[in-house]
Every structure is written in C-alpha cells, then in structure tokens.
Amino acid sequence: LDTAKVALVAPEDFNRLRRRDSVMDVGHESPDMDDISLMSETEKRRRAAAAAKRPRMSVFEKLTPATDLLHEMVDDFFRRADTDHSGAIERDELFALLRSPSLGLDLSDEQIAAIGRKYDLDGDGVISAQEFHPLCVEILKKVYAMQDNTPGEWVELYSERTGKFYFSKKSGLATNVKPGGFVSHKEEDLLLYTIKDIFHGADLDSDGLLNPKEFKLLMESPSLRTHMEQDEITKTRLQYCDAETGNVSFEQFVPLCRKLVMHIYRASENQKHSWVKLHCQKFGVFFYNTRSGRTSKKAPDDVDI
C-alpha cells in the first residue's frame, strides 16, 4: 500500500467515491463528483461515453399536464358543447361538437359514436367535464395537425389565466417554456391595428394617454360590451395604469385590450365559431380566433361566419 498516495485523499473524498456506484445506479450524477482529479482514465472515458448517450435536458422536463394549461380553453369548449346546461355532454351534443365547421373534422357517425364510448369512462351514456378534458386534448391535436399554417410540432396558444403557452400537436403535452423545435408562425398582428383604433377613439384629448374619465367612458361603451360595474372599471384601470398619474398609455392598454376582446367573444352566447370578424381602418375586415388569438386576412376554410 502506497501511504503517500493515500494521504492525498481526504476521508470525505473516500465517502464521495463510495457513494458513486449507488448514484450511478439511478442514472444521476452526484454534485460532489465534479473533481475529475480523483478519477482514473478508464473512469473518465466511461463517464464521457455515458454523458454522450444521455439525452440533454429538454423542454419535456418542464412540461405541465396539458389540462392544467389548457383548463380555460377546455372549459370554454365544454360550455359551448353543453347546450342544455346539464353539466354533461350528451350524444347529440357530442355529434354537434365534432361536426362543428370551426373544427373541420371529417368524422362519420360510427367514428363519433366510437369516440363517445371511448371517453365515457363510467358508461353512463354522457361525457362529464372530467371525462371531457382528455377528449378535448385529442380534438386539439387533430385540429392543429390539420392546419398547414402552423408548421412544426408545436403551436402557440394563449389563455387569460396562464398567458402564452405551447401545445404539441403530436403528444398533446403543453409547456410554458418555448420548445427548441418551435417554429414561429409569422403572421401580421392585425388585432394590434384594431386596438390602435380603439385607443385613439377613446383618447378624446389626443394626448396619447387614457385618463381615468376616458378609460371609464371606454369601458362603459355599448360597442365594447364589457358590462363592468364602476368598481370593477376602477380596479382594472389601476392594474394597468401609471401608478403616479393614473393614466393608461397605449403600451399598457394593448395587453388589457387583448384580454378584453378574447373575453368578450368567448362570453358571447351567440358565438358559434372560434373565428369572428373584426375591423380596422388600415385593412378593413379581418378574422380573429378567440381561442388562439391568431388573426387572418382571409376567411378560414370551412367556416361560414
């Protein structure tokens, strides 16, 4: 035994080396094993080879269950499908949903019936809200997979509760973290022009700001249909305004208006499709998707608006 070499290794280093094998068994590395001076050349090569085979940290390690991020969207689907407000999707409601022009699914009676049987887990003949969640994820996967204007595996979605997130057309998974394989959908933000029109119309003194009075008049406008009470208008303004002046700038108004537009159309009982017609002075009529927030100058296929 070479005591001179043993003396170079402190007792705690022996403990680290002894723990190494148990750590490797579960496929993780100990944070104490960074001192490569204690490793033999063989061990260094083994570690390097193992690291090369090990998949790099991916977005999937930060994935959230899809129904958590999609909760608002799923609930919106369920509310629209449950036309008799019974709290469950019955057979005729399921047929109406899956044949909706806004989805564009080409399903036969047999296929829809099979879907109903598959997701009616308790066999009571209807699909409950809980049973509807995984069904809705599958619907979204099919709908977005058919869209040529969303390249790649991931699509960008938005909800008022969670903000922007990403949904996989292949797996149905969702994440708040931008995936490495995400291909941005390059399309002009037409809604921004409508927001500019709304802001300039409400800015009565043309100072580039909405003061409390102008903001109140806008929120109470019948054309905006917010149906807000006075205290709710004040609370909303305070969330977005400058803390010192109480005024709302255009930059502060944009995220608020996006939420308002989406909320107004989602809450509309007469809204049959996810696409609605909007207007801006620069382009005239364009189309806005109340679920994804996308805009288009052309009418979506198979949607009669």
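## Helices, strands and salt bridges in a predicted chain

In helix α8, which covers residues 129-145, K141 and E138 are 3 residues apart and are therefore separated by about one helical turn. This pair forms a salt bridge, with its closest N and O atoms 3.2 Å apart. The two partners differ in how much of them is covered, since K141, at 14% relative accessibility, counts as buried, while E138, at 26%, counts as partly exposed. The structure discussed here is a predicted model, and every value in this report was computed from that model.

**The chain as a whole**

The protein chain contains 12 helices and 10 strands, and buried residues account for 41% of its 305 residues. Its accessible surface comes to about 18100 Å², and carbon and sulfur atoms make up 52% of that area. Of the contacts between residues at least 6 apart in sequence, 53% join residues that are at least 24 apart.

**Helix α8 in more detail**

The helix that holds K141 and E138 has 17 residues, and the distance from its first C-alpha to its last is 24 Å, close to the 24 Å expected at 1.5 Å a residue. Its buried residues include the aromatic side chains of F132 and Y144, as well as L135, V137, I139, L140 and V143. Charged residues are also found in the buried set, among them E131 and the salt-bridge partner K141.

**The salt bridges**

The count of salt bridges in this model comes to 3, and the table sets them out with the distance between the closest N and O atoms.

| Salt bridge | Closest N and O atoms |
|---|---|
| R99 with D109 | 1.9 Å |
| K141 with E138 | 3.2 Å |
| E220 with K216 | 2.9 Å |

What does the salt bridge between R99 and D109 tie together? R99 lies in the loop between α6 (91-98) and α7 (109-119), whereas D109 belongs to helix α7 itself, so the pair ties together parts that are 10 residues apart in sequence. R99 is partly exposed, with a relative accessible area of 43%, and D109 is likewise partly exposed, with a value of 38%. In the salt bridge of E220 with K216, E220 is partly exposed at a relative accessible area of 39%, and K216 is partly exposed at 29%.

**Helix α11 and its two sides**

In helix α11, which runs over residues 230-240, the buried residues are I233, T236, R237 and Y240. Seen down the axis of α11, these buried residues fall within an arc of 100°, so they line one face of the helix. The face turned away from that buried side carries the exposed residues D231, K235, L238 and Q239.

One residue of another helix can be related to α11. P212 is found in helix α10 (residues 212-219) and is partly exposed, with a relative accessible area of 35%. Leaving aside residues up to four places away in sequence, P212 touches R237, G246 and N247. The C-alpha atoms of P212 and I233 are separated by 9.5 Å, although these two residues are 21 apart along the chain.

**Strand β4 between its partners**

Strand β4, made of residues 163-168, is mostly covered, with 5 of its 6 residues buried. It is joined by 6 bridges to strand β3 (residues 154-159), and the two run antiparallel; in this pairing W154 stands opposite S168 of β4. Strand β4 is also joined by 2 bridges to strand β5 (residues 174-175), again in an antiparallel arrangement, where F167 has A174 as its bridge partner. The hairpin of β4 and β5 has 5 residues between the strands, and within this hairpin G172 takes a positive phi near 80°.

**Two loop residues with a positive phi**

Most residues other than glycine have a negative phi, which makes two further residues worth finding in the model. H85 has a positive phi of about 55° although it is not a glycine; this residue is found in the loop between α5 (71-81) and β1 (88-89) and is exposed, with a relative accessible area of 67%. S206 also has a positive phi of about 55° without being a glycine; it lies in the loop between α9 (190-202) and β6 (209-210) and is exposed, with a relative accessible area of 63%.

Methods:
Residues are numbered from 1 along each chain as its sequence is written. This is a predicted model: local features need pLDDT of at least 70, side-chain atom pairs count only at pLDDT 80 or more; totals for chains, interfaces and linings use all residues. Side-chain values use heavy atoms; hydrogens and water are left out. Buried means under 20% relative accessible area, exposed over 50%, partly exposed in between (1.4 Å probe, protein chains only). Helices (H or I, at least four residues) and strands (E, at least two) are DSSP runs, numbered from the N terminus. The arc is that of the directions from the helix axis to the C-beta atoms. Two strands pair if DSSP finds at least two bridges between them. A salt bridge is a side-chain nitrogen of Lys or Arg within 4 Å of a carboxyl oxygen of Asp or Glu. Contact means heavy atoms within 4.5 Å. Accessible areas come from the Shrake-Rupley method with a 1.4 Å probe; for residues, only the protein chains shown count as cover. The expected span of a helix is 1.5 Å times one less than its number of residues.
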